[in-house]
Amino acid sequence: MAGLEKKSGRPAVTVVMTVCREPLNIVRASLQSVLDQTWPASEILLVNDSGAGRPEISALAQLGGNIRVIDHLMNSGGSVARNTGIAAAQGTLIALIDADDLWYPTKLETQLDVDADHYGSFFASNCMLVRKSGRRFCNATPPDLDRPLSTFLLREGGALQTSTLIVPAARAKEIGFRVGLKRHQDWDFVLRLQQAGVPLVYQHQVLSDYVLSDRPDRVSLQKKGYLATVEWFKLTKGQVSAADQQYYFFRHCMTLRSLRTPFSLTIATLHVIALSPVNGLKEAVGAVWRGLVRGRRRERADQTAL
């Protein structure tokens, strides 16, 4: 690890990028945004989790002398891929990026422009959510660091997105990403960092693009995508406020898409209510009321159009 330290005294940063099904031009652009940083990474680990048949990903090592490709023989999922890179990292700090996101040139330098005694913290920043429908800030306001991060994420609609994170290597290796999660991998990771006593240094400036594709294989776009959320609730029971979980479920999982699977949704809803029955019933009634109000608004809009 010491061999990677900068002569300036700056901590060495290992960048871990995970690749799965992203097109080559998208991966190349993301990788180039890492190479263009004003605070150069000491090493870039490109974890090829796409399985056999994509030698063009391995060829990207030619773009820079500090790029090392680690090939998975079969697709293992985002958590395993990130953990592979984390385990192999030699730097003092580990910066994460997904292969379809983009860093702005001063991303690392802006986040790490702090006193050396803060390098034991984990770092996150605001980002720009990029979709076909347009662009918007992920976080309207910064998190209140005196409150649980779960409240910021589940109740306030905040994001501490993977590609904004920089983590002390020792703590990242100790905590790692939870294997098997289909959703909320970044939420789970940062909440476990907080629970382990690692403080957050947050930069509200937008320093990256979080590119959210509309691929049909995305769990959140599937009819039963909410089931992955409920499974995560079970894993974090007692660690994440039941009220925060219920707030998120009844506002973000009760969608027209999920209503097409009434049996599974009913079972999931009963489980979520059971986390805290009084508050759960209150949230469930609120969800029904909001649905009725939206339905009435649509009816009035249709009548006006006629």
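Axes here are lines fitted to C-alpha atoms, for helices over the stretch in contact, and angles run from 0 to 180 degrees between N-to-C directions. The model in these exercises is predicted.

**Exercise 1. Two helices**

Task: How are helix 8 and helix 10 oriented to each other?

Solution.
Step 1. Find the helices. Helix 8 spans residues 226–235, and helix 10 spans residues 262–274.
Step 2. Take their axes. They come within 10 Å and cross at roughly 25°.
Step 3. Apply the cut-off. Angles under 35 degrees count as roughly parallel. Helix 8 and helix 10 are therefore roughly parallel to each other.
Step 4. Add the handedness. The crossing of helix 8 past helix 10 is left-handed.
Step 5. List the residues that make the contact. Helix 8 supplies Tyr226, Leu227, Val230, Phe233 and Lys234. Helix 10 supplies Ser264, Leu265, Ala268, His271 and Val272.

**Exercise 2. One residue of helix 10**

Task: Is Ser264 buried or exposed?

Solution.
Step 1. Place the residue. Ser264 lies in helix 10.
Step 2. Read its relative accessible area, which is 17%.
Step 3. Compare with the cut-off. Buried means under 20%, so Ser264 is buried.
Step 4. Look at its partners. Residues up to four places away in sequence aside, Ser264 touches Lys224, Tyr226 and Leu227.

**Exercise 3. The buried side of helix 1**

Task: Where around helix 1 do its buried residues sit?

Solution.
Step 1. Check the helix. Helix 1 covers residues 24–35, 12 residues in total. From first C-alpha to last it reaches 16 Å, close to the 16 Å expected.
Step 2. Pick out the buried residues. In helix 1 these are Val27, Ser30, Leu31, Ser33 and Val34.
Step 3. Use the arc. They cover only 155° around the axis, which puts them on the same side of helix 1.
Step 4. Ask what covers them. The cover includes strand 1 (13–19), strand 2 (43–48), helix 2 (55–58), strand 3 (67–71), strand 4 (93–98) and strand 5 (102–103).

**Exercise 4. Arg82 and Thr151**

Task: Which residues do Arg82 and Thr151 contact, leaving aside neighbours within four places in sequence?

Solution.
Step 1. Place Arg82. It is in helix 3 (residues 78–88). At 8% relative accessibility, it counts as buried.
Step 2. List its contacts: Val16, Thr18, Asp98, Thr162, Phe177 and Gln185.
Step 3. Set sequence against space. Arg82 and Val19 are 63 residues apart in sequence, yet their C-alpha atoms are 9.7 Å apart.
Step 4. Turn to Thr151, in helix 5 (residues 149–155). At 9% relative accessibility, Thr151 is buried.
Step 5. List the contacts of Thr151: Glu156 and Asp244.

Notes. Residues are numbered from 1 along each chain as its sequence is written. This is a predicted model: local features need pLDDT of at least 70, side-chain atom pairs count only at pLDDT 80 or more; totals for chains, interfaces and linings use all residues. Side-chain values use heavy atoms; hydrogens and water are left out. Helices (H or I, at least four residues) and strands (E, at least two) are DSSP runs, numbered from the N terminus. Buried means under 20% relative accessible area, exposed over 50%, partly exposed in between (1.4 Å probe, protein chains only). Contact means heavy atoms within 4.5 Å. The expected span of a helix is 1.5 Å times one less than its number of residues. The arc is that of the directions from the helix axis to the C-beta atoms. Angles under 35 degrees count as roughly parallel, over 145 as roughly antiparallel, 65 to 115 as roughly perpendicular and the rest as oblique. A crossing is left-handed if the near helix is turned anticlockwise from the far one by less than a right angle, and right-handed if clockwise.
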